[in-house]
Amino acid sequence: MGERKVLNKYFPADFDPRFIPRGSKPKGDLVPVRMMLPFTIQCSSCSSFLYQGRKFNSKKEPVSGEKAKYLTVQRFRFYIKCSVCSRPITFLTDPERSDYEMESGGTRNYQVWRDKEKVEAEIKAEKSGDTSGADAMKALEDRVADSQREMEDLDNLDEIKAMNARHMKMMRTSGRPSGAEDVRRVLSAVREAEEKEELTEHGTTAEEEAQMAKIKFGSAAGAALSSLHGRDGDEEEEDERRERDRRAKNEALFAKSSASKCSNNSSEYDPQQGIKSIISIKRKRPRVVVPQKTSSALPILSSTASSEGNDLGALLGTYESSDDSD
């Protein structure tokens, strides 16, 4: 086992390389190549994705036919298999664009930069055409359109830069815990801009007035618009006069009813103020003292007591007289 790792091998003295059998390979045979995918591929059978940079054991062969070479540069075809369904997928080299070209078995993912290069190539091809004679005016129009496009691109770029600068200023802390102060400053500026808008007598802007004037509500459009903005001055004065008359009438009726009540209840009425002031007189009721009958009953009790005492004495006297006689 140690001999297979040596650098020098033993050749016997009678060695002749002409007698070594040589294997023959068919012309155009596939060559195994370990490579990475140059772009993302989606399989046409199972719709699975084979992403860019994934390693595959591919087979390489030279392209034959009319598109075999581009400016004497040989093109090659690569064979790989889908890792999910084992479908064969082939793609070619593209020396013209220094890229690869999808051939069969799948689809290549969309890439924006390829469309950009295609559009630029088309514009360049159009500009490189003949601009002499009748096409001079068209060439002038193209140049004017290009200049206008460049100016618009510059304006858009300046606007984006200004917006990014405002955002960075708002999000920059600069010693503060957060950008709350910048947010408050922006909100206050927005409020001031809204307050500076000129408002009409109805509290709306000129643009809002124009929009409301365009709205139609059928035959009652004028009435609805007038009710929206308020009544005229004459109508307001008429309403105020009617309100004053109604109040005066109510005060007169109230005064009349109050006067009748005052006359019945001996109350006072103040006609200047138009209100009732009733003074209720509260009379103090006399205190009634109930006479006591104890004095008249005492002599009766005393007389009865004396009479009872006389009767007792008489009885005792009779009792004593009977003892003595015995």
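Begin by selecting strands E8 and E9 in this predicted model, where the two strands pair in the antiparallel sense over five bridges. Strand E8 covers residues 88-94, while strand E9 covers residues 99-104. Together they form a hairpin with four residues between them, and if you click on Ser-98 in the turn you will find a residue with a positive phi of about 55 degrees. To see how the two strands line up, select Phe-91, whose bridge partner in E9 is Met-102. As background, the strands of a sheet pair through backbone hydrogen bonds, either parallel or antiparallel.

Now keep E8 in view and add strand E7, residues 76-81. E7 and E8 also pair in the antiparallel sense, over five bridges, and one position to look for is Lys-81, which stands opposite Pro-88 in E8. The hairpin of E7 and E8 has six residues between the strands, and within this hairpin Ser-86 takes a positive phi near 60 degrees.

With these strands on screen, colour E8 by accessibility. How many of the residues of E8 are buried? Six of its seven residues are, so that the strand is mostly covered.

Select Thr-90 next, a residue of E8. Is Thr-90 buried or exposed? Its relative accessibility is 6%, and because buried means under 20%, Thr-90 counts as buried. Its side chain is joined to the side chain of Ser-104 by a polar contact of 2.7 Å. Leaving aside residues up to four places away in sequence, Thr-90 touches Arg-77, Phe-78, Tyr-79, Met-102, Glu-103 and Ser-104.

Move one residue back along the chain and select Ile-89. Again without counting residues up to four places away in sequence, the residues that Ile-89 touches include Ile-41, Leu-50, Ile-80, Met-102 and Gly-105. Ile-89 also belongs to the largest nonpolar core, a group of 13 residues in which those with the most contacts are Leu-37, Ile-41, Leu-50, Ile-80, Ile-89, Phe-91 and Met-102. Strands E2, E7 and E8 each supply at least two residues of this core. In soluble globular proteins, nonpolar side chains tend to be buried together.

Two members of that core lead to another sheet. Select Ile-41 and Leu-50, and you will see that Ile-41 stands opposite Leu-50 in E3. Strand E2 (residues 41-43) pairs with E3 in the antiparallel sense over two bridges. Widen the selection to the open sheet of three strands, which has the order E3-E2-E10 and antiparallel pairing. Why is one side of E3 and of E10 left without a neighbour in the sheet? Strand E3 (49-50) and strand E10 (106-108) stand at the edges and each has a single partner strand, so one side of each stays unpaired in the sheet.

The next stop is the aromatic rings, of which the structure holds five pairs. Select Phe-39 and Phe-91, whose rings form an edge-to-face pair, 5.9 Å centre to centre and with 70 degrees between the planes. This pair links distant parts of the chain, since Phe-39 lies in the loop between strand E1 (31-36) and E2, whereas Phe-91 lies in strand E8, 52 residues apart. Phe-39 is buried, and Phe-91 is buried as well. For another arrangement, select Phe-49 and Tyr-51, which form a stacked pair at 6.0 Å centre to centre, with 20 degrees between the planes. Phe-49 is partly exposed, with a relative accessible area of 35%, and Tyr-51 counts as exposed at 52%. Returning to Phe-39 and Phe-91, add Phe-78 and Tyr-100 to the selection to show one aromatic cluster made of these four residues.

Charged side chains also meet the rings. Select Arg-108, which lies over the face of Phe-39 at 4.2 Å from the ring centre, and then Lys-60, whose charged end sits over the ring of Phe-76, 4.8 Å from its centre.

Stay with Arg-108 for the last stop and add Asp-99, a residue of strand E9. The side chains of Asp-99 and Arg-108 make a polar contact of 3.2 Å. Asp-99 is buried, with a relative accessible area of 18%. Not counting residues up to four places away in sequence, Asp-99 touches Thr-93, Asp-94, Arg-108, Trp-113 and Arg-114.

Technical notes: Residues numbered from 1 in each chain as written. Predicted model: local features only at pLDDT ≥ 70, side-chain atom pairs only at ≥ 80, totals over all residues. Heavy atoms only, no water. Pairing = 2+ DSSP bridges. Buried < 20%, exposed > 50% of the residue type's maximum accessible area, 1.4 Å probe, protein only. Polar contact = N/O pair within 3.5 Å; in protein donor to acceptor, adjacent residues only side chain to side chain. Contact = heavy atoms within 4.5 Å. Core = buried A, V, L, I, M, F, W, Y, C linked by side-chain atoms within 4.5 Å. Phe/Tyr/Trp six-rings, centres within 6.5 Å; stacked < 30°, edge-to-face > 60°. Lys NZ or Arg CZ within 6 Å of the ring centre and 35° of its normal.
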